[in-house]
Amino acid sequence: MNQRALTLSALACALALAACQRAPAPEPKTEGAAPAPTTAVATSKPAAVAADDNLNAVLWMQASAEYQAAATTVYRAAADKLAVALAQKNWDALVPDERGNAATGLKPAVIMDVDETVLDNSPYQARLVRDGKAYDEVSWDAWVAEKKAKPVPGVVEFAKAAAAKGVTILYLSNRAVHLKDATIANLKAVGMPVKDDSVFLGLGTVVDGCEQNGSEKNCRRQLAGQQYRVLMQFGDQLGDFVQVVANTREGRSQLLDEYGDWFGERWWMLPNPSYGSWEPATFNNDWSQSLEARREAKRAALDVAP
């Protein structure tokens with residue numbers, strides 16, 4: 001072999017060796033074990049994870065001691081107020097427009113929203129964050145059918161104390177009526193008192209003489225008031241307590257001004273930064289807008305103290 005051939009052969013080997021060093025064969029991995037060390041230099045960046053507006057909110061509800069403390073505070077304070085509510089025969093947690101009959105002499109009850117008030121659905125929200133998806137009825141129904149939701153901190157202790165005093169727990173939820181059986185099973189599994197199927201007032205419950213507006217709960221509150229003296233209401237949305245006629249920031253603030261004194265007495269609000277009607281109020285309730293347009297509207301709603 002001549003010198004030129006030897007030189008070319010050596011160059012070819014060097015190039016082949018360099019190529020092997022840049023792209024080594026993947027090492028087999030054992031579950032739970034750290035990958036074997038390699039001297040290869042990474043030449044590509046990991047795929048970017050899309051930003052999700054709900055990441056911090058869901059993580060806070062799942063991982064922070066502060067969320068647990070806030071929810072427990074609400075239920076402990078409500079338990080302390082329960083004896084006062086029972087003793088005062090004119091005590092009523094329904095607004096006058098939703099009280100169609102006298103409450104005096106009726107059996108006592110408390111109205112509780114279900115989602116993020118009694119049952120913690122943050123795993124469902126976490127899945128949406130992980131998978132880059134948005135809420136839809138199919139995935140939501142599948143989650144409810146799993147019956148894996150855990151209780152919000154403090155709620156079981158409060159509900160059992162109320163039931164021991166002869167107070168009926170009414171579950172007034174925007175879970176659709178076809179989800180009743182799975183919901184009641186989940187409630188019982190976490191230790192919530194469930195008198196019978198009648199205590200679940202889901203979305204789609206027919207109330208004679210009252211026309212429901214969308215998912216508003218006023219008709220079902222009226223139905224509860226026909227049979228019970230409502231001592232307290234619990235929820236994570238303003239609409240869990242009173243009908244929100246105008247879902248604007250101004251309209252919602254007006255309701256809070258009107259009924260603000262009821263909170264911490266008759267009404268008890270649980271923290272939920274993950275979702276709610278407060279969000280679309282910032283972008284004119286128009287979900288048909290693009291995600292970026294909705295985000296821009298939310299950025300514009302921020303108070304930056306100029």
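**Figure 1. Surroundings of Tyr275 in the predicted model.** Leaving aside the neighbours within four places in sequence, Tyr275 is in contact with Asp115, Glu116, Gln125, Asp236 and Gln237. The model shown here, as in every view that follows, is a predicted one. Tyr275 itself is placed in the loop that runs between strand β7 (267–269) and helix α10 (291–300). Its relative accessible area is 25%, and because this value falls between the limits of 20% for buried and 50% for exposed, Tyr275 is described as partly exposed. A further residue to look for in this view is Val58, which is separated from Tyr275 by 217 residues in sequence, while the C-alpha atoms of the two are 9.5 Å apart in space.

**Figure 2. Gln125 and the residues around it.** Gln125, one of the residues in contact with Tyr275, belongs to helix α4, which covers residues 122–131. Is Gln125 buried or exposed? With a relative accessibility of 12%, Gln125 counts as buried, since the cut-off for that class is under 20%. When residues up to four places away in sequence are not counted, Gln125 touches Asn54, Val58, Ser274 and Tyr275. Val58 thus appears in this list of contacts, and Val58 is also the residue whose C-alpha atom is 9.5 Å from that of Tyr275.

**Figure 3. Packing of helix α4 with helix α5.** Two packed helices are described by the angle between their axes and by the distance between those axes. For α4 and α5 (137–146), the angle is about 140° and the axes are 10 Å apart. The two helices are therefore oblique to each other, and α4 passes α5 in a right-handed crossing. On the side of α4 the contact is made by Pro123, Tyr124 and Arg127, and on the side of α5 by Ser139, Trp140, Trp143 and Glu146. Sorted by kind, the residues of this contact comprise 4 nonpolar, 1 polar and 2 charged.

**Figure 4. Tyr135 in the loop between α4 and α5.** The loop that lies between α4 and α5 includes Tyr135. Which residues does Tyr135 touch, not counting residues up to four places away in sequence? They are Tyr124, Leu128 and Trp140, and two of these names, Tyr124 and Trp140, can also be found in the contact of α4 with α5. Tyr135 and Tyr124 are 11 residues apart in sequence, and the distance from C-alpha to C-alpha is 9.0 Å.

**Figure 5. Packing of helix α3 with helix α6.** Helix α3 (residues 65–87) and helix α6 (residues 155–164) have axes that come within 9 Å and cross at roughly 10°. That angle makes α3 roughly parallel to α6, and the crossing of the pair is left-handed. From α3, the residues Tyr75, Ala78, Ala79 and Leu82 make the contact, and from α6 the residues Val155, Phe158 and Ala162. This contact of α3 with α6 divides into 7 nonpolar residues, with no polar and no charged ones.

**Figure 6. The protein as a whole, for orientation.** The secondary structure comes to 10 helices and 7 strands, and of the 306 residues in the protein, 38% are buried. Among the contacts with a separation of 6 or more, residues 24 or more positions apart account for 74%. The protein exposes about 17,700 Å², of which carbon and sulfur atoms supply 56%.

How values were computed. Residues are numbered from 1 along each chain as its sequence is written. This is a predicted model: local features need pLDDT of at least 70, side-chain atom pairs count only at pLDDT 80 or more; totals for chains, interfaces and linings use all residues. Side-chain values use heavy atoms; hydrogens and water are left out. Helices (H or I, at least four residues) and strands (E, at least two) are DSSP runs, numbered from the N terminus. Buried means under 20% relative accessible area, exposed over 50%, partly exposed in between (1.4 Å probe, protein chains only). Contact means heavy atoms within 4.5 Å. Accessible areas come from the Shrake-Rupley method with a 1.4 Å probe; for residues, only the protein chains shown count as cover. Axes are lines fitted to C-alpha atoms, for helices over the stretch in contact, and angles run from 0 to 180 degrees between N-to-C directions. Angles under 35 degrees count as roughly parallel, over 145 as roughly antiparallel, 65 to 115 as roughly perpendicular and the rest as oblique. A crossing is left-handed if the near helix is turned anticlockwise from the far one by less than a right angle, and right-handed if clockwise. Ala, Val, Leu, Ile, Met, Phe, Trp, Tyr, Cys and Pro count as nonpolar, Asp, Glu, Lys and Arg as charged, and the others, Gly among them, as polar.
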